[in-house]
Amino acid sequence: MTLLLHNLPPITSSASSLHHTTRTTKSDITVCVVSSSNADKPKIKPKIKIKEPDDYHATLKALNSKGRIPRKSLGQHYMLNGEVNEQLVDAANVGDGDVVLEIGPGTGSLTNVLVESGANVLAIEKDPYMAALVNERFSATHRVKVIQEDFTRCNLRSHLSSFLGSDFSEGNSYAKVVANIPFNISTDIVKQLLPMGDIFSEVVLLLQEEAALRMVDPSLRTSEYRPINIFINFYSDPEYKFKVPRANFFPQPKVDAAVVVFRLKQAADYPQVSSTKSFFSMVNSAFNGKRKMLRKTLQHIKPSLEIEEALVNVGLAATSRPEELTLEDFVKLHNLIGDT
Ligand SMILES: C[S@@+](CC[C@H](N)C(=O)[O-])C[C@H]1O[C@@H](n2cnc3c(N)ncnc32)[C@H](O)[C@@H]1O
């Protein structure tokens, strides 16, 4: 399998304005530059510092060297724009000596920017071919450790413990997460990482744009408002940073992406509930009956009348539905009707 590159222009600070189309056959991948119109131009602020090698050519060359066809099932959309990688790293304020977890390093383009910023990187990659490639790429440095595993199934605390050594057990060091993750497992990743405020200070993720907007800015009383929003705000302060148009990836996905920073809270700053397990179980039950009233969907916890009373005590209507409650409202409600 060969990756053929046709008419590739030299990389300049305007490289991000290029449009690419891909044609994939069983035996080869052709990447050709089609146009350079401004229509879908990524709004990435150009930087003066240009790093070598550029991510556009390095990424395609790395894929070519191993004859790899990007796998859809693994969400393999590689980043071609080094400026986006730099902005991801900047969003996490990565500096000398920081410990960074990267999920899905792929060819290592983001890993490279992390290392150049002074970080020590623990990279977890599911695809054995890409894990081998990135391992080989950073074999000359001790600052990158690559683990070939499925992130959603790995024992993250144990990997971090051996990577961080004594700093981990003393709890005096915060690591960061910076990653361009597969869109299809972004919710799993968010659920796994956000309750880890004892280890991570910031989680910076490149997500599908729609998912990013839904996670950061859901409106009350809309169908976008879900238990995941209560979960995210319970464990973190999320911030939408910037949009990354689809033209920056190879192969180009059908949707745009966006960078979100989750600043993780520590346990002492979580809303006060008697048990997080019973709190989220109540929230999930509440949303199970999206069109129903809480006095009905929470009947398995307390009789309807008591739920109505609790809602009124919280300052809400007895007929409230889940999409009308903020995180604080759910916390107050749980403290009145939930397990003690
Ligand atoms: C969107 S690509 C990003 C690659 C690279 N970071 C970049 O920016 O070009 C996602 C990467 O995650 C890897 N991946 C997919 N599922 C994974 C999983 N469950 N655990 C770890 N890595 C995974 C893919 O093989 C791929 O390398």
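Biologist: What makes the space taken by the ligand a pocket, and where does that pocket rank?

Modeller: In this predicted model, the ligand takes up the largest pocket. A molecule sits in a pocket if more than half of its atoms lie within 2 Å of the pocket's grid points, and a pocket, unlike a cavity, is an open set of such points.

Biologist: Which elements give two or more residues to the shell around the ligand?

Modeller: Those elements are β4 (78-79) and β6 (120-125).

Biologist: What makes a residue count as near the ligand, and which residues come nearest?

Modeller: One heavy atom within 4 Å is enough. There are 22 residues around the ligand, and Gln76, Gly104, Glu125, Asp150 and Asn180 come nearest. The shell divides into nine nonpolar, seven polar and six charged residues. Gly104 is counted as polar, because Gly belongs to that class by definition.

Biologist: Why is the approach of Gln76 to the ligand called a polar contact?

Modeller: An N or O atom in the side chain of Gln76 is 2.8 Å from an oxygen atom of the ligand. The cut-off is 3.5 Å between N or O atoms, so the pair qualifies.

Biologist: What about the backbone of Met79 and of Pro105?

Modeller: For Met79, a backbone N or O atom lies 2.9 Å from a ligand oxygen. For Pro105, a polar backbone atom is 3.4 Å from a ligand nitrogen. Both pairs are within 3.5 Å, so both are polar contacts. The protein covers 98% of the 590 Å² of accessible area that the ligand has on its own.

Biologist: Which residues does the UniProt annotation "binding site" cover?

Modeller: The unreviewed UniProt entry lists His77, Met79, Gly104, Glu125, Asp150 and Asn180 under that name. The lining of the largest pocket includes His77, Met79, Gly104, Glu125, Asp150 and Asn180. Asp150 is placed in the loop between β7 (144-148) and α5 (156-164).

Biologist: What makes the peptide bond from Phe250 to Pro251 cis?

Modeller: Its omega is near -10°. Pro251 is in the loop between β11 (249-250) and β12 (257-264).

Key. Residues numbered from 1 in each chain as written. Predicted model: local features only at pLDDT ≥ 70, side-chain atom pairs only at ≥ 80, totals over all residues. Heavy atoms only, no water. Polar contact = N/O pair within 3.5 Å; in protein donor to acceptor, adjacent residues only side chain to side chain. Areas by Shrake-Rupley, 256 points an atom, 1.4 Å probe, with all protein chains shown as cover. 1 Å grid on protein atoms, 1.4 Å probe; cavity = no way out; pocket = protein on both sides within 12 Å on 5 of 7 lines; lining within 4 Å. Helix = DSSP H or I, 4+ residues; strand = E, 2+ residues; numbered from the N terminus. UniProt positions renumbered as here; feature names shortened; annotations may be inferred.
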